[in-house]
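User: Please take me slowly through one part of this model, namely the piece close to the beginning of the chain and the charged pairs found there. I am new to this, so please explain each term when it comes up.

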Amino acid sequence: MPYATYLIRSRHRTKWYARVVVPHDVRQHFRHRREIRKTLDTSCKATAKRRAMAVWLAYQDVFDALRNRQPVNDLNPEWGALAGLTTANLPLEATTPRSADNDLTITHINPLKACRASTGETLTVEFVTINPVTGEITVTDATDDDLRLVRELIPQIWSRPELTSVSPAHTPEQPDGPRLSEQWDGFAEESMKDTRQKSQDTVRQSLNVFIETVGDLPANQLDRGAARRFAKALSDYPARRNVGRRKQLTLDEVKAGEYQAISARTQANITGDLRNFANWLVEVEVLDSNPFIKGKKKRQQSPAKRKTWTHDEMALWFSSDLYLKHRGSIKEPWKFWLPLLAIHSGARLEEMAALAPTDIHEHEGIHFFEIHGRDGRHVKNASSWRYVPIHSRLIELGFLDYVASRNGNERLFNLVPYQNEYGKNASKAFGYIRKKLKIEPTFHGYRHTVAETLRLNNTQAQHITWLMGHSGKTMTDHYGSDADKRHRLPLLSELVETLDWSQVIDVTS
């Protein structure tokens with residue numbers, strides 16, 4: 001297929017169209033249109049490709065005739081190539097822009113200026129651009145006088161190649177410093193070394209979106225202007241941009257068809273990723289300030305959604321038939337045990353859902369489960385690798401007996417992983433029960449409830465950090481992090497036993 005001829009799908013995806021770019025030297029015959037689209041009257045792409053070639057050949061005959069000052073009425077081209085002509089039946093000399101005489105001389109190209117020697121008058125067209133690669137002349141938002149002037153100057157422009165080439169005086173200076181894409185490795189190594197690969201890929205994709213819409217700028221040129229241009233482009237960015245056939249298309253080709261823009265939440269997530277990336281650029285002194293942080297007017301903030309469970313909500317959950325029917329269940333025992341484990345340990349759902357029978361141990365009379373990132377499991381950070389004592393109430397309810405019944409199985413719970421995460425399906429199931437019972441906090445709220453209860457019990461913050469698997473905030477918190485964590489078990493066991501829900505939770509009746 002010749003260059004500058006494209007196949008385009010109709011808006012309703014029922015027919016194919018051929019797009020033919022009109023050469024600049026004959027556009028005056030086509031109402032100065034830059035391109036022409038012709039329906040190919042077919043929904044079959046293979047047929048459309050053959051017909052598009054015929055359309056292109058028909059237009060080439062017309063273009064050649066106009067260039068050679070030959071009559072076009074006798075061509076009888078296929079596919080209506082004469083339909084867009086406005087001057088084909090008139091003498092060609094009358095429609096060609098007149099040659100610029102010696103009285104009019106171009107003095108400046110951007111904006112376009114010319115001087116008339118007879119009067120000394122300087123004529124200016126402010127809305128003209130010349131593509132330095134193709135030499136294409138574009139005039140936008142110009143007056144009739146501007147258009148007449150441009151038509152008069154076109155022969156002179158094309159007779160002076162230096163006007164349509166990039167001269168050293170007009171070549172933008174290349175700023176020093178690596179580009180955004182070249183800064184990624186440093187950012188990932190310093191700021192995301194403890195982050196799982198899936199999260200790193202998400203942030204990298206956010207950077208790719210910026211590069212695709214704004215460009216791979218030198219990092220030291222990432223300013224407020226670039227951030228504003230990105231925000232505008234992001235509001236119209238296609239959803240599922242890199243899925244299926246779209247991955248092979250350019251952004252413009254995707255937008256030429258039907259598409260749905262990404263949601264406001266996705267826009268906020270992408271901007272947040274770039275804000276973190278720019279924060280790192282500030283830390284390494286590539287930028288003076290973060291262009292993605294802007295001052296906001298103070299406004300009335302709505303109360304945040306409550307994350308901590310009340311005693312009434314816990315009593316409702318653990319006494320409901322939706323929960324109790326899974327006690328002793330063979331098909332879905334995890335629906336009974338996971339909520340109990342969560343409220344008696346504060347562990348994350350994914351950490352518990354991925355446990356194996358071999359992760360349950362005993363040390364000096366203390367039963368505990370081990371949370372780690374081996375065998376492909378996902379843990380949030382390095383501090384998440386830890387030992388969590390098993391509450392005596394869980395042992396009374398038969399948790400160790402259940403563990404023994406699962407010996408020889410790969411996982412402690414018969415959950416099917418989704419996208420390599422064992423907690424996904426469990427989260428959906430618990431969300432269904434929560435909505436049925438009209439409980440506001442999520443399953444993760446058990447973790448918030450445990451942390452808040454321990455704080456109210458005057459527990460040291462450092463001990464809560466050890467139990468919950470939080471990252472330390474100071475350098476002192478990291479000292480001793482490589483020691484044998486089993487030495488913490490006696491202290492953590494006492495901590496766990498302070499979580500007394502006997503007045504709230506009764507699953508024995």
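Analyst: What follows is a step-by-step look at that part, with a short look elsewhere at the end.

This is a predicted model, in which local features need pLDDT of at least 70 and side-chain atom pairs count only at pLDDT 80 or more, while totals for chains, interfaces and linings use all residues. Residues are numbered from 1 along each chain as its sequence is written, and side-chain values use heavy atoms, with hydrogens and water left out.

Let us begin with the strands, bearing in mind that helices (H or I, at least four residues) and strands (E, at least two) are DSSP runs numbered from the N terminus. Strand β2, residues 16-21, runs antiparallel to β3, and five bridges join the two, where strands are said to pair if DSSP finds at least two bridges between them. Within this arrangement, Arg 19 stands opposite Arg 37 of β3.

In a regular strand the side chains alternate between the two faces of the sheet. Strand β3, residues 35-39, shows such an alternation: Ile 36 and Lys 38 point to one face and are buried, whereas Glu 35, Arg 37 and Thr 39 point to the other face and are not buried. Here buried means under 20% relative accessible area, exposed means over 50%, and partly exposed lies in between (1.4 Å probe, protein chains only).

Next comes helix α1, which spans residues 45-67 and contains Arg 51. Arg 51 counts as partly exposed because its relative accessibility is 28%. Its C-alpha atom is separated by 6.5 Å from that of Leu 40, although the two residues are eleven residues apart along the chain.

The charged pairs can now be added to this picture. Side chains of opposite charge can pair when their charged atoms come close. A salt bridge is a side-chain nitrogen of Lys or Arg within 4 Å of a carboxyl oxygen of Asp or Glu, and a search of the whole structure finds 18 of them. One of these joins the side chains of Asp 25 and Arg 67, at 2.8 Å from N to O. Because Asp 25 lies in the loop between β2 and β3 while Arg 67 lies in helix α1, this pair ties together parts that are 42 residues apart in sequence. Asp 25 is partly exposed at 35% relative accessible area, and Arg 67 also counts as partly exposed, at 36%.

Arg 67 takes part in a salt bridge with Asp 64 as well, the closest N and O atoms being 3.2 Å apart. Asp 64 and Arg 67 are three residues apart in helix α1, so about one helical turn separates them. Asp 64, with a relative accessible area of 37%, is partly exposed.

For a view beyond this part, consider Glu 421 and Lys 198, whose side chains meet in a salt bridge at 3.7 Å, N to O. This pair links distant parts of the chain, 223 residues apart, with Glu 421 in the loop between α14 (399-405) and α15 (423-437) and Lys 198 in helix α5. Glu 421 is buried, at 8% relative accessible area, whereas Lys 198 counts as partly exposed, at 37%. Elsewhere, salt bridges that share partners join Asp 359, Asp 375, Arg 377, Glu 410 and Arg 411 into one network.
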